[in-house]
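Please work through the following exercises with the sequence and the coordinates side by side. Each task is followed by a solution that goes step by step.

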Amino acid sequence: MPRPGVVIDRDYLKHDPGPFHPERPERLKILLDLAGELDIEGFQLLPPRPAAREEIETCHSSDYIALVQATSKVNRYALDGDTVTSRDSFGVGLLAVGGFLRLLDAIACGDLDNGFALVRPPGHHALKDRGMGFCLFNTAAIGARYVKRRYGAKKIFIIDWDVHHGNGTQAAFYHDSSVLYMSTHQYPYYPGTGAIDEVGEGAGEGFTVNVPLPPGCGDGEYLRLFKEIVLPIGSKYRPDWILVSAGFDPHQRDPLGGMNVTERGFATMAATLLELAAEHASGKIAFLLEGGYDLAALKSSVAGVLEQMRAGGNGDAPADDGGEFIEPLIRKVLRVQEPYW
Ligand SMILES: [Zn+2]
């Protein structure tokens with residue numbers, strides 16, 4: 001049986017973007033309850049550490065880091081219209097990144113087989129010089145650079161199933177062939193990037209795969225595109241690490257997304273990726289929480305993914321058949337990617 005781990009901590013509650021903000025501390029509170037329930041069932045709970053400044057600097061400029069640090073002097077600071085900090089946000093941002101790095105260490109050295117960093121704030125919109133979309137630091141991108149530098153990883157597959165396109169992660173590796181960034185997202189939608197023909201540039205050409213989806217996609221559509229795009233391209237890439245930007249805002253009850261995915265759908269997506277990791281990456285896969293704003297949906301969806309992690313992807317998680325209506329889109333994505341895959 002795999003040894004799964006979870007990173008979570010009460011300190012993640014301390015980042016407070018203000019009343020009525022969707023990315024609220026309660027998101028983590030409900031996952032702390034879940035972690036408490038899991039404790040007795042064999043998950044190793046890892047405490048996070050704060051990321052070092054040099055680790056953040058692998059993806060962000062010193063000026064931007066200094067700006068976020070300076071926000072700890074004021075009660076509230078708006079980095080943009082929807083990315084707001086409180087006095088503790090800089091510290092919590094470091095802890096979010098460090099929590100993920102701690103998990104990657106535990107997987108790399110074999111203490112854990114796989115894991116889920118249940119951290120906030122999310123990260124995939126954060127750019128080198130700019131926080132946006134509730135994100136301060138790009139945890140997934142920093143994690144990819146970390147396993148490259150520290151563990152000599154050569155091929156890292158970042159799959160981002162958040163309902164929003166991970167523009168920050170895409171930008172970090174747009175010219176880089178050592179990271180394959182693949183995103184499934186509602187389109188057109190925030191943040192506006194992620195068109196089908198954004199495929200990377202220069203040395204990175206062919207190492208960005210965008211699957212821009214119409215609203216209304218549910219388990220059947222996601223299962224189909226995982227089978228026809230994610231798995232075949234992921235298998236050809238043969239990654240030595242898989243990092244998952246797991247946002248749960250494609251859930252049918254999410255207030256921000258327009259998708260129809262259920263808990264079973266997320267579990268099936270996780271199972272598919274666990275199998276891919278077992279086949280190519282010696283099982284090395286780390287999930288990272290991005291979005292997801294309906295509290296009950298977030299809790300039950302994370303629980304479904306954790307169940308798959310414990311079962312090594314062999315758990316019972318059939319999703320609905322169907323999804324024919326996105327078949328033309330799948331063909332189009334495969335046509336655009338054909339020169340590379
Ligand atoms: Zn999102």
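**Exercise 1: A salt bridge between two helices**

The side chains of Arg331 and Glu228 meet in a salt bridge, with 3.6 Å from N to O. Here a salt bridge is a side-chain nitrogen of Lys or Arg within 4 Å of a carboxyl oxygen of Asp or Glu. The model is a predicted one, in which local features need pLDDT of at least 70 and side-chain atom pairs count only at pLDDT 80 or more, while totals for chains, interfaces and linings use all residues. Residues are numbered from 1 along each chain as its sequence is written, and side-chain values use heavy atoms, with hydrogens and water left out.

Task: determine which helices hold Arg331 and Glu228.

Solution. Arg331 belongs to helix H10 (residues 327-337) and Glu228 to helix H7 (residues 219-237), so the pair ties together parts that are 103 residues apart in sequence; helices (H or I, at least four residues) and strands (E, at least two) are DSSP runs, numbered from the N terminus. As for accessibility, Arg331 is partly exposed at 38%, and Glu228 is likewise partly exposed at 23%, where buried means under 20% relative accessible area, exposed over 50%, and partly exposed in between (1.4 Å probe, protein chains only). Finally, Arg224, Glu228, Glu324, Glu327 and Arg331 are linked in a network of salt bridges.

**Exercise 2: A buried pair**

Task: establish whether Glu23 and Arg27 are buried or exposed.

Solution. Glu23 forms a salt bridge with Arg27, whose closest N and O atoms are 2.7 Å apart. Both Glu23 and Arg27 are buried. By the rule given above, the count comes to 16 salt bridges.

**Exercise 3: The zinc ion**

Task: identify the protein donors of the zinc ion and explain why their arrangement is irregular.

Solution. Donors are N, O and S atoms within 2.8 Å of the metal (3.2 Å for Na, K and Ca), and since water is not among the atoms, sites may look incomplete. The protein donors are Asp162, which contributes OD twice, His164 through ND1, and Asp249 through OD, at 1.9 to 2.8 Å from the zinc ion. Along the chain these donors follow the spacing D-x1-H-x84-D. Asp162 is buried at 1% relative accessible area, and His164 is buried at 8%. The four donor atoms subtend angles of 52 to 153 degrees, which makes the arrangement irregular: four donors count as tetrahedral if all angles lie between 85 and 135 degrees, four count as square planar and six as octahedral if opposite donors are over 155 degrees apart and all others between 65 and 115, and anything else is irregular.
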